[in-house]
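Thanks for coming, everyone. Let me put the structure up and walk you through it.

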Amino acid sequence: MPTVRVADLKDGDFLLDVREDDEWKAGHAAGALHIPISEFVARYGELTEAAPQDGRVHVICRSGGRSAQVAMYLAQQGVDAVNVDGGMQVWEAAGGGGAAPQPQPPDPE
C-alpha cells in the first residue's frame with residue numbers, strides 16, 4: 001500500500017478523514033473531507049464528487065490502520081490513493097503538516 005509521511009503533505013493536498021464522528025469532533029485537519037469508515041461504502045459518491053479529477057486522495061485516520069484499508073479499497077477502484085502514515089497521532093505531534101487539526105464546536109442540542 002502506498003504511503004506518504006505527514007511531513008510530505010502540502011497545503012492543497014486532498015485529505016480524506018475516515019475516523020468516526022467523535023474523533024472528528026475532537027479535532028481534524030482544516031479542509032479535510034470527513035467520511036467515517038463505517039459509512040464509507042454507502043457514501044462513496046461524496047468522495048467521487050469532492051476529490052480532484054486525476055488527483056491523489058490522501059487518506060487519514062487516527063493511527064493509519066483504517067485509512068490503509070480505505071486507501072487499498074480506493075486503489076482497487078482505480079483511484080490514486082495513499083495512506084497517511086501514522087495518521088492524526090503523527091499529524092498532531094508534527095504540528096499539522098500544513099494545516100493543524102481544528103477543534104469543532106460542540107453540536108447544537
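**A ring at the edge**

Start with Tyr-73. Tyr-73 is partly exposed, because its relative accessible area is 27%. Keep that residue in view; we will come back to its ring.

First, what are we looking at? This is a predicted model. The protein chain has a mean pLDDT of 87. In that chain, 87% of the residues reach 70 or more. Confidence varies by element. E5 has the highest mean pLDDT, 97. Strand E7, residues 101-102, has the lowest, 48. And look at residues 98-109. There pLDDT stays under 50. The model has 27 contacts beyond four places in sequence for that stretch.

Now the layout. The chain has four helices and seven strands. Along the sequence the pattern reads β-β-α-β-β-α-β-α-β-α-β. There are 109 residues, and 40% of them count as buried. How much of the contact comes from residues 24 or more positions apart? Taking contacts with a separation of 6 or more, such residues account for 64%.

**The aromatic cluster**

Back to Tyr-73. Which residues do ring pairs link into a cluster? They are Phe-40, Tyr-44 and Tyr-73. The count of aromatic pairs in the model comes to three. Take Phe-40 with Tyr-44. Their centres are 5.9 Å apart, with 80° between the planes, and the pair is edge-to-face. Now Phe-40 with Tyr-73. Why is this pair edge-to-face? The planes stand at 90°, so the pair falls in that class, with the ring centres 6.0 Å apart. This pair links distant parts of the chain. Phe-40 sits in the loop between strand E4 (33-34) and helix H2 (44-50). Tyr-73 is in helix H3. The two are 33 residues apart.

Is Phe-40 buried or exposed? Buried, because its relative accessible area is 3%. Tyr-73, remember, is partly exposed at 27%.

**Two nonpolar cores**

Here is some background. In soluble globular proteins, nonpolar side chains tend to be buried together. With that in mind, turn to the largest nonpolar core. It holds 15 residues. Those that touch the most other members are Leu-16, Phe-40, Leu-47, Val-57, Val-59, Val-70 and Leu-74. So Phe-40 is on this list as well as being buried at 3%.

Which elements each supply at least two residues of this core? Strand E2 (14-17), strand E5 (57-60) and helix H3 (65-76). H3 gives the most, with three residues.

Zoom in on Val-57. Set aside its neighbours within four places in sequence. Val-57 is then in contact with Phe-14, Leu-16, Leu-47, Ala-51, Leu-74, Val-79, Asp-80, Ala-81 and Val-82. Apart from this core lies another one, of 12 residues. Among them are Leu-15, Ala-29, Ala-32 and Trp-91.

**Charged pairs**

Last topic: charge. Side chains of opposite charge can pair when their charged atoms come close. How many salt bridges does the structure hold? Six.

Begin with Arg-19, in the loop between E2 and helix H1 (21-26). Arg-19 is buried, because its relative accessible area is 4%. Its side chain forms a salt bridge with that of Asp-17, at 2.8 Å from N to O. Asp-17 is buried too, at 1% relative accessible area. What else does Arg-19 touch, not counting residues up to four places away in sequence? The list includes Trp-24, His-28, His-34, Ile-60, Arg-66 and Met-88.

Next, Arg-5 and Asp-8. Their side chains meet in a salt bridge, 3.1 Å from N to O. Asp-8 counts as partly exposed, at 36% relative accessibility.

Then Arg-43 and Glu-39. Their closest N and O atoms are 2.6 Å apart, in a salt bridge. Arg-43 is partly exposed at 21%, and Glu-39 is partly exposed at 31%. Glu-46 joins them: Glu-39, Arg-43 and Glu-46 are linked in a network of salt bridges.

**To take away**

Two things to remember. Phe-40 is buried, and ring pairs link it with Tyr-44 and Tyr-73 in a cluster. And for residues 98-109, pLDDT stays under 50.

Technical notes
Residues numbered from 1 in each chain as written. Heavy atoms only, no water. Core = buried A, V, L, I, M, F, W, Y, C linked by side-chain atoms within 4.5 Å. Buried < 20%, exposed > 50% of the residue type's maximum accessible area, 1.4 Å probe, protein only. Contact = heavy atoms within 4.5 Å. Phe/Tyr/Trp six-rings, centres within 6.5 Å; stacked < 30°, edge-to-face > 60°. pLDDT = per-residue confidence, 0-100. Salt bridge = Lys/Arg side-chain N within 4 Å of Asp/Glu carboxyl O.
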